[in-house]
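Trainee: May we go through this structure by question and answer?
Mentor: Certainly; please put the questions in turn.

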Amino acid sequence: MATALHNLSEYDDRKIPDASNMCFGIVVAEWNPEITGALLQGAVNTLEKHGVIPENIHVKRVPGSFELIYGANQMARNDSYDAVIILGSVIRGETPHFDYICQGVTQGIAHLNATGNIPVIYGLLTTDDLQQARERAGGKLGNKGDECAIDAIKMAKF
């Protein structure tokens, strides 16, 4: 497991570009709000830590993780963003729904990255249970939102 070897919130500050003149869109799924709220807080805090002013962080909410694709596409069409971050959490259940949602979102975001003009950062947690999600949303393994914010800054400067 990759996160067992790497805390999602740890990075070298010296390798992060100045983000004070950047603007970011964040699309957050409402499903699993305990987790997505923590991911959002991590992303926003990290962007602000690296100089992004609050007025340049635009958050939109969508009902579930599958809708992250549409939300990201709409934000990516807006020329004012340097990058878009998607944040969601899909927790495995008793049906194949988990597999379809995870695969669909992954393919949709990959398509946006391959065909778009700005980076779309993939912040979808895909976990077996709620505890694993909590561990990746500010728990012992850090916060995926932090990692996504750093990735967005770096990719915006790519």
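**Helix H4 and the nonpolar cores**

Mentor: What covers the buried residues of H4 includes helix H3 (68-76), strand S3 (83-91) and strand S4 (120-127). Helices (H or I, at least four residues) and strands (E, at least two) are DSSP runs, numbered from the N terminus. This is a predicted model, in which local features need pLDDT of at least 70, side-chain atom pairs count only at pLDDT 80 or more, and totals for chains, interfaces and linings use all residues. Residues are numbered from 1 along each chain as its sequence is written, and side-chain values use heavy atoms, with hydrogens and water left out.

Trainee: How far apart are the end C-alpha atoms of H4?
Mentor: Helix H4 (residues 97-115) has 19 residues, and its expected span is 27 Å at 1.5 Å a residue, a rule that multiplies 1.5 Å by one less than the number of residues. In agreement with this, the end C-alpha atoms are apart by 27 Å.

Trainee: Which residues are exposed on the other side of H4?
Mentor: Buried means under 20% relative accessible area, exposed over 50%, and partly exposed in between (1.4 Å probe, protein chains only). The buried set of H4 comprises Phe98, Ile101, Cys102, Gly104, Val105, Gly108, Ile109 and Leu112. On the other side, the exposed residues are Tyr100, Gln107, His111, Ala114 and Thr115.

Trainee: Which element supplies the largest share of the largest nonpolar core?
Mentor: A nonpolar core is a set of buried Ala, Val, Leu, Ile, Met, Phe, Trp, Tyr and Cys residues joined through side-chain atoms within 4.5 Å. The largest one has 26 residues. Six residues of this core, its largest share, come from H2.

How values were computed
Contact means heavy atoms within 4.5 Å.
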